[in-house]
Amino acid sequence: MASAPAPAPAVVVVFDFDRTIIDWDSDDWVITKLGAADAFRRLRPTMRWNPLMDRMMAELHARGKTPEDIRDCLRSAPLDAHVVSAVKTAAAALGCDLKVVSDANTFFIETVLAHHGVLGCFSEIVTNPATVDADGRLRISPFHDSAAAPHGCSLCPDNMCKGKIIERIQATASDKKQHFIYIGDGKGDYCPSLKLGEGDYVMPKENYPLWNLICNNKQLLKAEVHPWNSGEELEKTLLKLVSKMIAAPAQASQFDYSKCEMSNPAIQHPALRVPH
Ligand SMILES: [Mg+2]
Ligand SMILES: [Zn+2]
């Protein structure tokens, strides 16, 4: 009766959310589409991003916008078909362990991923908690409590150090041979990129802050760098890297190749374009 336990996925793919999985910014989309851009501009100079988003949800509530209005707004935004395809192929066909690590919030991310039918592809979404309170107002809390337990990383905003999150994922990895692919665009994606080691990959969005930071300090990174600049390129690059990693002799025994559509990579990939 008992079947052998499934082998642990050897490739962990960590996605940032805003401007990575989605080509837009979810905070900006909601605030602009629901008509609170004026309040945002007024408050931005005086507030940090995470408490500002909680405050913006109060502004929307005061203007009669419900959490369901916010959901509808998020559902109206596009998600690139190539990204959907990349996520489904990496999770289902290639057996990767997919995670989201994001400074957005659970409400926004789960709404978008569920609407596009890919929420179940991710084993974990690590982000700022969001809840609807008794008044029907969406509340957004910091991931790290900076007063009770400051994360102590000078690279990151006080509500979230993605590097600490990557270290936690690395430490709890069931198989120490697990390798990581980290995909992101922003300043907050630099700290986790520095935590990756040899055999890991970083996929920065070209000409965005993460890419610029990597280009300016390239010797600090141990992971190999593969930039992308569209959903189509994200898909090609990610699937090529995963195929290469799962075809590596050291991990060959861990995969059922009959499930792997990409075991004979046919995807052309542009050469590494990070300038020296
Ligand atoms: Mg981002
Ligand atoms: Zn950090």
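## Helices H5 and H7

How do H5 and H7 lie with respect to each other: parallel, antiparallel, perpendicular or oblique? In this predicted model, H5 and helix H7 (residues 106-115) pack at an angle of about 50 degrees. Angles under 35 degrees count as roughly parallel, and 65 to 115 as roughly perpendicular. H5 and H7 are therefore oblique to each other. Their axes are 9 Å apart.

The crossing of H5 and H7 is right-handed. On the H5 side, Arg 71, Leu 74 and Arg 75 make the contact. On the H7 side, Phe 108, Thr 111, Val 112 and His 115 take part. By type, the residues of this contact of H5 with H7 split into 3 nonpolar, 2 polar and 2 charged.

## Helices H2 and H5

H5 has another packing partner, helix H2. H2 covers residues 26-33, and H5 covers residues 67-75. The two helices pack at an angle of about 115 degrees. Their axes are 10 Å apart. The crossing of H2 and H5 is right-handed.

Which residues make the contact? From H2 come Ser 26, Val 30 and Lys 33. From H5 come Ile 70, Cys 73 and Leu 74. The residues of the contact of H2 with H5 comprise 4 nonpolar, 1 polar and 1 charged. Leu 74 of H5 appears in this contact, and Leu 74 also appears in the contact with H7.

## A binding site at Asp 16, Asp 18 and Asp 185

An unreviewed UniProt entry places the feature "binding site" at Asp 16, Asp 18 and Asp 185. These residues are spread over 170 residues of sequence. Even so, they cluster in space, and the largest C-alpha distance is 8.3 Å.

Asp 18 sits in helix H1 (residues 17-21). Is Asp 18 buried or exposed? There are 22 other C-beta atoms within 10 Å of Asp 18, so it is buried. Not counting residues up to four places away in sequence, Asp 18 touches Asp 25, Ser 26, Ser 102 and Ala 104. Of these, Ser 26 is also part of the contact that H2 makes with H5.

Asp 185 is in the loop between strand S6 (179-184) and helix H9 (190-194). Asp 185 is buried because 23 other C-beta atoms lie within 10 Å. Beyond residues up to four places away in sequence, Asp 185 touches several residues, among them Asp 16, Arg 19, Thr 20 and Tyr 208. Asp 16 carries the annotation too.

## A binding site at Asp 27 and Asp 103

The "binding site" annotation from UniProt (unreviewed entry) also covers Asp 27 and Asp 103. They span 77 residues in sequence, yet no two of their C-alpha atoms are more than 10.1 Å apart, so they gather at one spot.

Asp 27 belongs to helix H2. Why does Asp 27 count as partly exposed? Asp 27 has 19 C-beta neighbours inside 10 Å, and a residue needs 20 or more to be buried. Leaving aside neighbours within four places in sequence, Asp 27 is in contact with Met 53 and Ala 104. Ala 104 is touched by Asp 18 as well.

Asp 103 lies in strand S2 (residues 97-105). Asp 103 has 23 other C-beta atoms within 10 Å, so Asp 103 is buried. Outside its neighbours within four places in sequence, Asp 103 is in contact with Thr 127, Asn 128, Met 160 and Gly 188.

Methods. Residues numbered from 1 in each chain as written. Chains lettered and ligands numbered in written order. Predicted model: local features only at pLDDT ≥ 70, side-chain atom pairs only at ≥ 80, totals over all residues. Axes fitted to C-alpha atoms, helices over the stretch in contact; angles between N-to-C directions. Helix = DSSP H or I, 4+ residues; strand = E, 2+ residues; numbered from the N terminus. Left-handed = near helix turned anticlockwise from the far one by under 90°. Contact = placed C-beta atoms within 7 Å. Nonpolar A, V, L, I, M, F, W, Y, C, P; charged D, E, K, R; others polar. UniProt positions renumbered as here; feature names shortened; annotations may be inferred. Buried ≥ 20, exposed ≤ 12 C-beta atoms within 10 Å, placed from the backbone. Parallel < 35°, antiparallel > 145°, perpendicular 65-115°, else oblique.
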